[in-house]
Amino acid sequence: MVAGCSVPGLSSSAHSSTGSGASAAAQPASATVGPTGSSAASSERRPANYLLIVDASGSMRKSDVGGGTRMAAAQDAASKFVSSLPKGSRVGLVSYGDKTLEEAPRSAGCGDVSLKVPVGSDIGAVTRQVKTLRPVGWTPIGKALQTAAAQAKGQPLNVVLITDGEDSCAPPDPCQTAATLAADNAGLSISAIGLNASSDQLSCIASKGKGYFVTASNSAQLARRLEALGDPDAASRTFPPLESSRSGPDSWSTRSARATRDSRRWTPVRRCEWSG
């Protein structure tokens, strides 16, 4: 399993994105980095705070991810993720699109964002709640980001968005929302996993949110991506470094800056894609 991450300015070669929502323009240069050493990394993992945002919009009913629906893949990956967290971790769950049909008025569909589980130690509650999600509605990513970030409450928080597409409800614009939230919450990072979706918007969310954007094309890959993003120390070793200007002891970019011992300012990772 190899990860390829696009890092502006790293080389002069062009990187082309594939998948829905990708720009036809030349993309940032790409670099290839090695896989996470999962067994060694797992033994060293430290507790942290996480908030999963799970897309339950109507398109998540599609069955194109290797034997099941996109929704089932997200549910399975989320359940595996929370069960693998080190003792003492805190986790929460936000969803959107699971209560209001796609045929509903825009005002109703774009308000369909729910805090299913507040960030806390009840990991089992996240597993139970994510299994109840039914993909029927809209895609209000901007509002979901706001709901998730409200759980930070002055503490470091790693937000991971799992989605198969772009926002359908702006305003608020999700990319600008991510920038504002990251600026207002020093310990906040926002990453995104595009399930069969390589999108400039999702890349922008992760870039402005000082996190990572990765893609997955099937259920097994999604679970691996989420696991990799869930280990801040391993992520900082696996991926190229992020901006070193972040503050907060548990922020991914701060750890990355420490790990590389490099004071240079880096541009956040735009895209990371694995083969296998």
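Which residue follows α7, and what is the sign of its phi? It is Lys-210, with a positive phi near 60°. Keep in mind that this is a predicted model.

Let's stay with α7. The helix covers residues 200-208. Seven of its nine residues are buried, so the helix is largely enclosed by the rest of the structure. The buried ones are Gln-201, Leu-202, Ser-203, Cys-204, Ile-205, Ala-206 and Ser-207. Now look at the start of α7. There, a side-chain oxygen of Ser-199 comes to within 3.0 Å of the backbone nitrogen of Gln-201.

Leu-202 takes us to the next residue, because Thr-163 is buried and Leu-202 is among the residues Thr-163 touches. Thr-163 sits in strand β6, residues 157-163. Its relative accessible area is 0%. What does the Thr-163 side chain make a polar contact with? The side chain of Asp-55, at 2.8 Å. Leaving out residues up to four places away in sequence, Thr-163 also touches Tyr-96, Ile-141, Ile-193, Gly-194 and Leu-195.

Last topic: aromatics. How many aromatic pairs does the structure hold? One. The partners are Tyr-50 and Phe-81, with ring centres 5.4 Å apart. Their planes stand at 90°, so this pair is edge-to-face. Tyr-50 belongs to strand β3, residues 49-55, and Phe-81 to helix α2, residues 70-83. The pair therefore ties together parts that are 31 residues apart in sequence. Are these two rings' residues, Tyr-50 and Phe-81, buried or exposed? Both are buried.

How values were computed:
Residues numbered from 1 in each chain as written. Predicted model: local features only at pLDDT ≥ 70, side-chain atom pairs only at ≥ 80, totals over all residues. Heavy atoms only, no water. Buried < 20%, exposed > 50% of the residue type's maximum accessible area, 1.4 Å probe, protein only. Helix = DSSP H or I, 4+ residues; strand = E, 2+ residues; numbered from the N terminus. Polar contact = N/O pair within 3.5 Å; in protein donor to acceptor, adjacent residues only side chain to side chain. Phe/Tyr/Trp six-rings, centres within 6.5 Å; stacked < 30°, edge-to-face > 60°. Contact = heavy atoms within 4.5 Å.
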